[in-house]
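Hi there,

Here is the structure I promised to pass on. Have a look at it first, and then read my notes underneath.

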Amino acid sequence: MGFMSLASELCSAIGDHHSQRKKMKKKHFQVVEIKVKMDCEGCERRVRQSVEGMKGVSKVEVEPKKHKLTVTGYVDPKKVLQRVRYRTGKMAEPWPYVPYDMVYHPYVQGAYDKKAPPGYVRNVVADPNLAPLARATSTEETYSAAFSDENPNACTVM
């Protein structure tokens, strides 16, 4: 009986180990965009090499004119950000900009940023203080939809 109980415990321990491995959270495929200041080709190379060796990274794009690093793969955004900061010694932050068309009022204080790349403004939709200023009201949406080219029942004034 001693041998049978020992074998039973051994088999259950192996089964528990495999079930714990399955319970581990799998990382989702995602695109991580980071703002890092890059002045020269050396900075660009250092930023690229800092994340190329990470486990799960499938694609790395560097846009030095926009100061933007894009990492695609099965990665954790916090770990990518931390690794860029540690390996390069540069200040890095999540990409704070959205395309100009995504914000109804792009020139609201807080949304417009002189340092933003052309065609981009700050993402103020998530900010609770600035979001009401940047969003369009229901009245504005109604009037803009009334004169829209996409609306087949729109009023044509011109």
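Below is what I found, starting with the whole chain and ending with a few single residues.

Please keep in mind that this is a predicted model. The chain contains five helices and six strands. If you walk along from the N terminus, the elements come in the order α-β-α-β-β-α-β-β-β-α-α. Of the 158 residues in the chain, 28% are buried. Looking at contacts with a separation of 6 or more, 55% are between residues 24 or more positions apart.

**The sheet**

The feature I would look at to begin with is an open sheet of four strands, arranged β2-β3-β1-β4 with antiparallel pairing. Each edge strand, β2 on one side and β4 on the other, has a single partner, so one side of each has no neighbour in the sheet. On average, neighbouring strands here are turned by 25° against each other, if direction is ignored.

Two helices pack on this sheet. Helix α2 touches β1, β2 and β3, and its direction makes about 165° with that of β2. Helix α3 touches β1, β3 and β4, and its direction makes about 30° with that of β1.

To find your way around the strands, start from β1, which covers residues 30–36. It pairs with β3 (residues 68–73) through six bridges, in the antiparallel sense. In that pairing, Val-31 is opposite Thr-72 of β3. β1 also pairs with β4 (residues 92–94), again antiparallel, this time over three bridges. There, Ile-34 sits opposite Pro-94 of β4.

**The two helices against each other**

How do α2 and α3 pack, in terms of angle and axis distance? Helix α2 (residues 41–52) and helix α3 (residues 77–88) meet at an angle of about 130°, and their axes are 9 Å apart. Because of that angle, α2 counts as oblique to α3. Their crossing is right-handed.

On the α2 side, the contact is made by Arg-46, Val-47, Gln-49, Ser-50 and Val-51. The α3 side contributes Val-80, Arg-83, Val-84, Arg-87 and Thr-88. By character, the residues of this contact are four nonpolar, three polar and three charged.

**Two residues to click on**

Arg-87 is a handy one to display, as it belongs to helix α3 and takes part in the contact with α2. Leaving aside residues up to four places away in sequence, Arg-87 touches Gln-49 and Ser-50. Its C-alpha atom is 8.1 Å from that of Arg-46, although the two residues are 41 apart along the chain. Is Arg-87 buried, exposed or something in between? Its relative accessibility is 47%, so Arg-87 counts as partly exposed.

The other one is His-67, in the loop between β2 (57–63) and β3. What is unusual about its backbone is the sign of phi: His-67 has a positive value of about 60° although it is not a glycine. With a relative accessible area of 26%, His-67 is partly exposed.

If you open the model on your side, you could begin with the sheet, then turn to the α2 and α3 contact, and finish at the loop that holds His-67.

Best wishes

Methods:
Residues are numbered from 1 along each chain as its sequence is written. This is a predicted model: local features need pLDDT of at least 70, side-chain atom pairs count only at pLDDT 80 or more; totals for chains, interfaces and linings use all residues. Side-chain values use heavy atoms; hydrogens and water are left out. Two strands pair if DSSP finds at least two bridges between them. Axes are lines fitted to C-alpha atoms, for helices over the stretch in contact, and angles run from 0 to 180 degrees between N-to-C directions. Angles under 35 degrees count as roughly parallel, over 145 as roughly antiparallel, 65 to 115 as roughly perpendicular and the rest as oblique. A crossing is left-handed if the near helix is turned anticlockwise from the far one by less than a right angle, and right-handed if clockwise. Contact means heavy atoms within 4.5 Å. Ala, Val, Leu, Ile, Met, Phe, Trp, Tyr, Cys and Pro count as nonpolar, Asp, Glu, Lys and Arg as charged, and the others, Gly among them, as polar. Buried means under 20% relative accessible area, exposed over 50%, partly exposed in between (1.4 Å probe, protein chains only).
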